[in-house]
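Please open the model in a viewer and keep the selection panel at hand. The stops below proceed from the whole chain to individual side chains.

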Amino acid sequence: MKCMVVETFKPGKTDEVYERFYEKGRMLPSGLRYVDSWLSSDRTKCFQLMETDKMDLLDKWIANWNDLTDFEVVPVEDSPTKAAQQKMD
């Protein structure tokens with residue numbers, strides 16, 4: 001399953017987010033795969049596309065970062081796959 005993770009950096013914590021990232025990397029548990037990410041132009045949000053078969057792995061990853069960011073996790077499907085499924089229904 002793919003998920004769009006919206007990270008909203010806590011006020012004044014953006015620099016700390018990047019310091020931890022440069023020191024420790026993403027700190028992903030085995031089985032959670034980073035696909036791609038985008039940063040808002042004001043550097044207050046990061047949108048990460050993640051993939052996993054075990055949703056509880058997202059909770060483990062979030063625990064490594066939730067002191068610096070707030071998270072919203074939205075399960076997503078790519079548009080071509082969803083369109084093809086709807087045609088078959």
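**A guided tour of the chain**

Among contacts in the chain between residues at least 6 apart in sequence, 67% join residues at least 24 apart. The model on display is predicted. Colour it by secondary structure: the chain holds three helices and four strands, and from the N terminus on these elements run β-α-β-β-α-β-α. Switching to a surface view shows about 6,000 Å² exposed by the chain, with carbon and sulfur atoms supplying 51% of it. Of the 89 residues in the chain, 27% are buried.

**The sheet**

Select the four strands next. They form an open sheet in the order 2-3-1-4, and the pairing is antiparallel. At the edges are strand 2 (32-39) and strand 4 (69-76), each of which pairs on one side only. On average, neighbouring strands of this sheet are turned by 25° against each other, direction ignored.

Now restrict the selection to residues 2-9 and 45-52. These are strand 1 and strand 3, which run antiparallel and are joined by seven bridges. Within this pairing, Lys-2 stands opposite Glu-51 in strand 3.

**Helix 1 and its surroundings**

Move to residues 14-24, which make up helix 1, and pick Thr-14 there. Is this residue, Thr-14, buried or exposed? Thr-14 counts as buried because its relative accessibility is 18%, and the cut-off for buried is under 20%. Leaving aside neighbours within four places in sequence, Thr-14 is in contact with Phe-9 and Arg-43.

**Aromatic rings**

Display the side chains of Phe, Tyr and Trp; there are four aromatic pairs to find. In one of them, the ring centres of Phe-9 and Tyr-18 are 6.1 Å apart and the planes stand at 85°, so this pair is edge-to-face. Both Phe-9 and Tyr-18 are buried. A further edge-to-face pair consists of Trp-61 and Phe-71, at 5.5 Å centre to centre with 70° between the planes. Because Trp-61 lies in helix 2 (residues 56-63) and Phe-71 in strand 4, this pair ties together parts that are 10 residues apart in sequence. Trp-61 is buried, with a relative accessible area of 2%, whereas Phe-71, at 22% relative accessibility, counts as partly exposed.

Return to Phe-9 and add Tyr-18, Phe-21 and Tyr-22 to the selection: these four form one aromatic cluster.

**Arginines over rings**

For the last stop, select Arg-20 with Trp-65, then Arg-26 with Tyr-34. Arg-20 lies over the face of Trp-65, at 5.5 Å from the ring centre. Arg-26 lies over the face of Tyr-34, at 3.4 Å from the ring centre.

Key
Residues are numbered from 1 along each chain as its sequence is written. This is a predicted model: local features need pLDDT of at least 70, side-chain atom pairs count only at pLDDT 80 or more; totals for chains, interfaces and linings use all residues. Side-chain values use heavy atoms; hydrogens and water are left out. Helices (H or I, at least four residues) and strands (E, at least two) are DSSP runs, numbered from the N terminus. Buried means under 20% relative accessible area, exposed over 50%, partly exposed in between (1.4 Å probe, protein chains only). Contact means heavy atoms within 4.5 Å. Accessible areas come from the Shrake-Rupley method with a 1.4 Å probe; for residues, only the protein chains shown count as cover. Two strands pair if DSSP finds at least two bridges between them. Axes are lines fitted to C-alpha atoms, for helices over the stretch in contact, and angles run from 0 to 180 degrees between N-to-C directions. Rings of Phe, Tyr and Trp (its six-membered ring) pair if their centres lie within 6.5 Å; planes under 30 degrees apart count as stacked, over 60 as edge-to-face and the rest as tilted. A charge sits over a ring if NZ of Lys or CZ of Arg is within 6 Å of the ring centre and within 35 degrees of the ring normal.
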